[in-house]
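The following exercises are to be worked with the sequence and the model open side by side. Each task is followed by a solution in steps.

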Amino acid sequence: MNSITKGIFSTFFSKVMVSVLGLVVVIIISRNLGAEGRGIISLMVSLIAFLQLFCDFGGNSAIINLSYEIPQRRLWLSSLVWVFFICLLSYIPLAFFDRVSYIFLVPLAAFLYSFVNINSLLLMGSRKVNQRNLVMVTLPLLLLLGFGLLFFQTSLGISAYPLAMFIALGISSLLSFILLRGQLKPVPGPFVFEKQILQQGAWVQGGHAVQFLNYRINFFIIVLLMNEASLGIYNNVVIIAESIWILGHSMGQMQHMKILNTEDKKSHITLTNKFMFINFIGSLGLMIILILLPREFWVWLFSDDFSEMDTLFIYLAPGVLCFSISNIINHFLHAKNQFKTILQSNIIGLVTGLVVSVLLIPGYGLKGACLSWSCGLLASMLTYIFIYKRYLKTI
């Protein structure tokens, strides 16, 4: 078994573990707090992720590419300076979100998540895949154990989640730093903020930010037009559907590293086409299984509040399959530093999904939200394919 295959299996296994651990937390919350409780936590987590979008302009996947050119200590310090500034500044606008529970914890949580993410990216840049995967699994494992213990052994109720989250973030932050600190060798001279992080990060994170909104814009629209209970149902459906992408993400990360470490452009194309085919077939098979699961299964797994989940997967299926293709092309373009084209593709998907969601959610509810999600990903995929074919003509 070659190194790239080992890396794919290691990353795939880690991502499966993360997905399973996260699903168990979702099950506990859904069964004991219902759709409304699930919605409240979803809204808090979504705001943390939204703030991370801005943090990641200075701590994004461009760090992997830059770690081949710039000392890691400088990258690490520059990223943390940016993240700290953004989180501190965020307290001003977040003061107006008084409807959201635990709003004052959002910036601190975003900082810790970003800290772990930056350390993990630098580990990837050093090709320390197994160490990065260890960090990736540790966080949700500690969250599950902490939340389960606090929820069932104390009277904290829903407050057990944020407390467990910070315990998990604290330990994961320490672990990721310990694994990385050997790479953070002192650099002669005074500290200089590496502007390249923001220069490349503007395009990289711009694409990621738009992609995030492609996935999550409906969360905020549903809360605005419907209620937290509907958000809880929708969030569960989307999270389970997105778990199918684990295979593609695992392959894409190893594809990205392989392209960065080899110069044969034809082999890059061959690898990308191969991964696209495998990912599409795998995603199709998993999606069929998901659709065939009966309503009774979802009621048993979560609670009666989630009885309509089985019908919603049909509307998400086109989006899952579209992303199985565009995800691999995205990693190819990322490795080629084609950040502008990634941003363009994701903007087209966002605008399409947003227009469809505004048109369909008022009349069709969660079915309209799922269909708009798929429409946005379809538009992105078509754009990615067009850009990919155009790029191939230049080789």
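**Exercise 1.** Locate Ser 46 in this predicted model, and determine whether Ser 46 is buried or exposed.

*Solution.* Step 1: Ser 46 is placed in helix α1. Step 2: the relative accessible area of Ser 46 is 5%. Step 3: a residue counts as buried under 20%, so Ser 46 is buried. Step 4: for a spatial reference, take Phe 220, which is 174 residues away from Ser 46 in sequence, yet their C-alpha atoms are 8.8 Å apart.

**Exercise 2.** Describe the secondary structure of the protein and state how confidently its elements are predicted.

*Solution.* Step 1: the protein has 14 helices and zero strands. Step 2: read from the N terminus, the order of elements is therefore α-α-α-α-α-α-α-α-α-α-α-α-α-α. Step 3: the mean pLDDT of the protein is 82, and 89% of the residues reach at least 70. Step 4: helix α7 (residues 160–180) has the highest mean pLDDT of the elements, at 93, whereas helix α2 (residues 62–66) has the lowest, at 68.

**Exercise 3.** Characterise the burial, surface and contacts of the protein as a whole.

*Solution.* Step 1: the protein comprises 395 residues, of which 55% count as buried. Step 2: its accessible surface amounts to about 17,400 Å², and carbon and sulfur atoms account for 69% of this area. Step 3: consider contacts between residues at least 6 apart in sequence; 84% of these join residues at least 24 apart.

**Exercise 4.** Identify which residues touch the most other members of the largest nonpolar core, and which element gives the most to this core.

*Solution.* Step 1: the largest nonpolar core has 56 residues, and those touching the most other members are Tyr 234, Trp 298, Phe 302, Met 309, Phe 313 and Trp 373. Step 2: two or more residues each come from α1 (3–55), α8 (196–225), α9 (228–242), α10 (246–260), α11 (265–292), α12, α13 and α14. Step 3: with 14 residues, α13 gives the most. Step 4: Phe 313 illustrates the packing; beyond its neighbours within four places in sequence, Phe 313 contacts Val 237, Ile 240, Ala 241, Met 287, Leu 290, Ile 291 and Trp 298. Step 5: a separate second core contains 50 residues, including Val 25, Ile 28, Leu 47 and Leu 144.

**Exercise 5.** Find how many salt bridges the whole structure holds, and explain what the pair ties together.

*Solution.* Step 1: side chains of opposite charge can pair when their charged atoms come close. Step 2: the search of the whole structure yields one salt bridge. Step 3: this bridge joins Asp 310 to Arg 295, with 3.2 Å between the closest N and O atoms. Step 4: Asp 310 belongs to helix α13 (residues 309–335) and Arg 295 to helix α12 (residues 295–301), so the pair links parts that lie 15 residues apart in sequence. Step 5: Asp 310 is buried, at 17% relative accessible area, while Arg 295 is partly exposed, at 38%.

**Exercise 6.** Establish where Ser 303 lies and which residues Ser 303 contacts.

*Solution.* Step 1: Ser 303 sits in the loop between α12 and α13. Step 2: its relative accessible area of 15% is under the 20% limit, so Ser 303 is buried. Step 3: apart from neighbours within four places in sequence, Ser 303 contacts Ser 30, Arg 31 and Trp 298.

**Exercise 7.** Compare the accessibility and surroundings of Ile 385 and Lys 266.

*Solution.* Step 1: Ile 385 is part of helix α14 (residues 339–392), and Lys 266 is part of helix α11. Step 2: Ile 385 has a relative accessible area of 26% and is partly exposed; Lys 266, at 66%, counts as exposed. Step 3: setting aside residues up to four places away in sequence, Ile 385 touches Ile 325 and Ile 329. Step 4: the C-alpha atoms of Ile 385 and Ser 326 are 7.3 Å apart, with their positions 59 residues apart along the chain. Step 5: for Lys 266 and Leu 392, which are 126 residues apart along the chain, the C-alpha separation is 9.7 Å.

**Exercise 8.** Name the residues that form the nonpolar surface patch, and place Phe 104.

*Solution.* Step 1: the patch consists of Phe 84, Leu 88, Tyr 91, Phe 104 and Leu 108, which together present about 550 Å² of accessible area. Step 2: Phe 104 falls in the loop between α4 (91–94) and α5 (106–125). Step 3: Phe 104 is exposed, because its relative accessible area of 54% is over 50%.

Key: Residues numbered from 1 in each chain as written. Predicted model: local features only at pLDDT ≥ 70, side-chain atom pairs only at ≥ 80, totals over all residues. Heavy atoms only, no water. Patch = residues over 30% accessible without salt bridge, like charges linked within 9 Å, V, L, I, M, F, W, Y side chains within 5 Å. Areas by Shrake-Rupley, 256 points an atom, 1.4 Å probe, with all protein chains shown as cover. Salt bridge = Lys/Arg side-chain N within 4 Å of Asp/Glu carboxyl O. Helix = DSSP H or I, 4+ residues; strand = E, 2+ residues; numbered from the N terminus. Buried < 20%, exposed > 50% of the residue type's maximum accessible area, 1.4 Å probe, protein only. Contact = heavy atoms within 4.5 Å. Core = buried A, V, L, I, M, F, W, Y, C linked by side-chain atoms within 4.5 Å. pLDDT = per-residue confidence, 0-100.
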